Amino acid sequence: MSIGILGRKLGMTRIYNSDGTAVPCTVLAAGPCPITQIKNQEKDGYAALQIGFDTVEERKLSKAERGHLAKADKGLYRHLRELRVDDVSDYELGQDLTVELFFPGEKVKVTGTSKGKGFQGVMKRWNFAGAPDSHGHEKVHRSGGSIGYRTRPGKIFKNKKMAGHMGNRTVTMMHLEVVDVRPEDNVIVIRGAVPGPRNGIVMVRKLK
Amino acid sequence: MDIIRKIEREHMRVDLPKFRPGDTVKVHLRIIEGEKERIQVFQGAVLRIKRGTTTSTFTVRKTSDGVGVERIFPFHTPAIERVEVVSEGKVRRSRLYYLRGLKGKAAKIKTKNQWD
């Protein structure tokens with residue numbers, strides 16, 4: 001897998017290239033994320049780094065959480081995430097990962113929790129066409145139509161697209177371009193949109 | 001939010017002159033054709049200014065061969081070489097959409113008197 005850091009989505013804006021074209025971009029406050037635990041093949045069965053983000057007051061964490069974070073001795077953090085890596089020998093406990101991992105022009109992947117949309121019909125959730133508004137159609141304008149066949153197969157196939165809960169799930173956007181990296185502010189600017197609301201927690205990772 | 005403002009401030013232009021809806025302006029636009037770059041001038045009345053940070057735009061309207069032409073320019077784009085204010089207009093609203101329905105002399109904006 002790949003190395004990355006955690007960040008908070010601050011919002012979107014627009015900047016301009018030197019040729020005058022506008023670039024829509026998302027601003028993320030990311031890192032510095034200390035490595036709070038290193039998992040290795042021998043002890044844990046897999047190699048991974050656990051990183052922390054967003055400092056938190058002592059009273060908001062349980063004694064067990066505080067004890068776990070004390071091992072790295074880098075303060076207390078609200079969010080902990082694991083990053084699977086091939087080789088952990090390059091990293092040490094308590095080392096800070098910052099936005100300097102990335103450089104402008106690089107392609108990254110960004111993982112976040114998408115905005116929850118609630119219980120939605122098939123037109124919004126799956127882009128179904130619905131039924132006509134007139135010409136004899138009654139009470140079916142936004143319905144999905146038939147969902148299957150008859151006595152054979154006598155069931156509805158699994159994964160049939162139907163109405164239900166939409167959004168509020170983990171979404172990863174691949175190949176997003178890094179527009180700007182500002183180590184002095186711990187800020188990374190990414191071209192285009194990133195999953196989730198403002199102030200949502202996102203993970204920015206290298207593609208490889 | 002402050003960091004976004006900071007990033008935006010770096011991309012905003014402060015060199016453009018002040019103008020208001022109703023003013024007649026010449027917009028000198030940099031146009032890149034292949035490898036060559038040339039300047040195109042678009043002259044007309046400012047119909048509206050959409051205020052904002054880097055997202056602010058202004059609309060310029062002119063009549064070309066009897067056909068109304070409107071162009072929306074991003075205020076802060078580096079593609080604008082410069083903006084010249086030709087004359088200041090005397091108007092009583094900030095969105096001059098009513099000009100779209102007018103032709104000829106009626107569509108003319110009175111210029112502001114020097115002593116106003």
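Reader: Hi! How much of chain B is buried?
Author: Buried residues account for 33% of the 116 residues in chain B. Buried means under 20% relative accessible area, exposed over 50%, and partly exposed in between, with a 1.4 Å probe and protein chains only. This is a predicted model, where local features need pLDDT of at least 70, side-chain atom pairs count only at pLDDT 80 or more, and totals for chains, interfaces and linings use all residues. Residues are numbered from 1 along each chain as its sequence is written, chains are lettered from A and ligands numbered from 1 in the order in which they are written, and side-chain values use heavy atoms, leaving out hydrogens and water.

Reader: Thanks! How many helices and strands does chain B have?
Author: Chain B has 1 helix and 5 strands, in the order α-β-β-β-β-β along the sequence. Helices (H or I, at least four residues) and strands (E, at least two) are DSSP runs, numbered from the N terminus.

Reader: What about Leu96(B), is that buried or exposed?
Author: Leu96(B) counts as buried because its relative accessibility is 0%. You'll find Leu96(B) in the segment after strand 5 (80–87) of chain B.

Reader: And which residues does Leu96(B) touch?
Author: Leaving aside residues up to four places away in sequence, Leu96(B) touches Pro21(B), Gly22(B), Val46(B), Leu47(B), Val91(B) and Ile109(B). Contact here means heavy atoms within 4.5 Å.

Reader: Nice. Switching to the largest nonpolar core, which members touch the most others?
Author: Those are Val108(A), Val110(A), Ile188(A) and Ile190(A), in a core of 29 residues. Strand 12 of chain A gives the most to this core, with 4 residues. A nonpolar core is a set of buried Ala, Val, Leu, Ile, Met, Phe, Trp, Tyr and Cys residues joined through side-chain atoms within 4.5 Å.

Reader: Is there something similar elsewhere?
Author: Yes, a second, separate core has 15 residues, including Phe19(B), Val25(B), Phe42(B) and Ile49(B).

Reader: How many salt bridges turn up over all chains?
Author: The search finds 18 over all chains. A salt bridge is a side-chain nitrogen of Lys or Arg within 4 Å of a carboxyl oxygen of Asp or Glu.

Reader: Which pair crosses between chains?
Author: One such pair is Lys6(B) and Asp185(A), whose side chains meet at 2.8 Å, N to O. Lys6(B) sits in helix 1 (residues 2–11) of chain B, and Asp185(A) in the loop between strand 10 and strand 11 of chain A. Lys6(B) counts as partly exposed because its relative accessibility is 33%.

Reader: And which pair links distant parts of the chain?
Author: Look at Glu106(A) and Lys206(A), with their closest N and O atoms 2.9 Å apart. They are 100 residues apart, with Glu106(A) in the loop between strand 6 (96–97) and strand 7 of chain A and Lys206(A) in strand 12 of chain A.

Reader: Are those two buried or exposed?
Author: Glu106(A) is buried, with a relative accessible area of 9%, and Lys206(A) counts as buried at 17%.

Reader: Last topic: how many disulfides are there over all chains?
Author: The count comes to 0 over all chains, a disulfide being a pair of cysteine sulfur atoms within 2.5 Å. As for cysteines, Cys25(A) is buried at a relative accessible area of 0%, and Cys33(A) is buried with a value of 0%.
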